[in-house]
Amino acid sequence: MLLDKTVLERVNTFQHIEYPLEAIQLFRNISDNNLGVIRHLIQDCDIVRARAGQTVLDASSAGSRLYIVLSGALGVTMLNEDGNHLENTITQYLPGECVGEISVLDEEIHSATVSAIHDSLLLVIESSIVWQLIEESNGVARNLLQLLSFRIRAANAQIRSRKKVGEFYRQLSMVDGLTGLHNRAWLNQQLPSLIQAAHGGNQPLSIVMVDLDHFKRFNDTYGHLRGDDALQAAAKVLNSGLRPTDFAARYGGEEMLVILPETDLQAASIVAERLCQRLRSAPVFTESDKPLPHITGSFGVATLQEGEDFQKLLDRADSALYFAKQSGRNQVACAPALNNMN
């Protein structure tokens, strides 16, 4: 029996489930009084279930509601010919994130098809309620503006990258939903190609592996939501400190990777030192009832050697990162050339 692509199963209303408003990005860093107003406005909003493969937003239809992911995951997708399986998932939306906001605001058709990657529970907020939330809470309006700005910047960065490196890198649009950096799937696909191009053109290429210092302690002390803020702050530091021809990816957890084409070890170490300094002075967030430490990172730099492949380059950068951590963290270490290693 084929899955019905158009009907999402209604399972409850928001007032009948226990879900912290602070876990929803649109409602973060908002006063308790405003949270009470928000909870009242959305208490009768439906909770629906989207089965894996089921379409939530159709690129050919207009939007009049906002979907917030409570569990599971959504993705910008293409469907295969039988219409039942997801292919080429580009951008993912995880719990706490929302989709459909642009079409609610401009009342135009959706810019992409969004489907459930896994079975997912979604909070559905009709456009009239969205506008009430914006009118009643400056915090919601601020968060929505920040979200739109973040997505526009991510889209612009992808466009700039495509213009710089041409059609060959058209698939560089897979991004991490939290940080806006390229994700691990992109890295596994593209770094080997970049290495091959560097070898073929006899050009240098360097990578910088970054690990946020004592990140588990930060999460345990201040909570995972503040940890998300720290990851986003670190991603902003990386993105703002690179050239349009450079790339930054989330390697996993609190680890990130910077790729510097046409950059030798000396120049790459200068870039890493600059990023390290900027990271230690970057504010994580400003609205807090107690002072919080700035985040720091350990940096491992490695430059591509003759005949070296994807994994060996990553291993050398990881070894340099380990040395930086063992030497006290909050610093840069460079991997020696292969012919200097005994």
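Buried residues account for 47% of the 342 residues in the protein chain, which is shown here as a predicted model. With the whole chain displayed, colour by secondary structure: 9 helices and 16 strands should appear. Turn on the surface next; the chain exposes about 17,400 Å², and carbon and sulfur atoms supply 49% of that area. If contacts are drawn between residues at least 6 apart in sequence, 74% of them join residues at least 24 apart.

**Stop one: helix H1**

Select residues 32-42, which form helix H1. Show the side chains of Leu35, Ile38, Leu41 and Ile42, which are buried. Why do they fall on the same side of H1? They cover an arc of only 125° around the axis, and this places them on one side of the helix. An α-helix has 3.6 residues a turn, so residues three or four places apart point the same way. Rotate to the other side of H1 to find Asp32, Asn33 and His40, which are exposed.

Step back along the chain to Asn29, in the loop between strand E1 (9-13) and H1. Its phi is positive, near 55°, although the residue is not glycine. Most residues other than glycine have a negative phi. Asn29 counts as partly exposed because its relative accessibility is 36%, between the limits of 20% and 50%.

**Stop two: an open sheet of four strands**

Now select the 4 strands that make up an open sheet in the order E3-E10-E5-E8, with antiparallel pairing. Which strands lie at the edges? They are strand E3 (55-57) and strand E8 (92-93), each of which pairs on one side only.

Zoom in on strand E5 (residues 74-76), which pairs with E8 in the antiparallel sense over 2 bridges. Pick Leu74 and look across to Tyr93, its bridge partner in E8.

**Stop three: helix H9**

Select residues 310-326, the 17 residues of helix H9. A distance drawn from the first C-alpha of H9 to the last gives 25 Å, close to the 24 Å expected at 1.5 Å a residue.

At the start of H9, display Asp309: one of its side-chain oxygens comes to within 3.4 Å of the backbone nitrogen of Gln311.

Then show the buried residues of the helix, namely Phe310, Leu313, Leu314, Arg316, Ala317, Ala320, Leu321 and Ala324. They occupy an arc of only 160° around the axis and therefore lie on the same side of H9. What covers these buried residues? The cover includes helix H5 (184-201) together with strands E12 (205-212), E13 (247-252), E14 (255-261), E15 (297-303) and E16 (332-334). Turn the view to the face of H9 directed away from its buried side, which carries the exposed residues Tyr322, Phe323 and Gln326.

**Stop four: beyond the end of H9**

Continue along the chain to Gly328, which follows H9 and has a positive phi, near 120°. Select Arg329 next, in the loop between H9 and E16. Phi of Arg329 is also positive, near 65°, in a residue other than glycine. Is Arg329 buried, exposed or partly exposed? Arg329 is partly exposed, because its relative accessible area is 26%, a value that falls between the 20% and 50% limits.

Definitions and conventions. Residues numbered from 1 in each chain as written. Predicted model: local features only at pLDDT ≥ 70, side-chain atom pairs only at ≥ 80, totals over all residues. Heavy atoms only, no water. Expected span 1.5 Å × (residues − 1). Buried < 20%, exposed > 50% of the residue type's maximum accessible area, 1.4 Å probe, protein only. Arc of directions from axis to C-beta. Contact = heavy atoms within 4.5 Å. Polar contact = N/O pair within 3.5 Å; in protein donor to acceptor, adjacent residues only side chain to side chain. Pairing = 2+ DSSP bridges. Areas by Shrake-Rupley, 256 points an atom, 1.4 Å probe, with all protein chains shown as cover.
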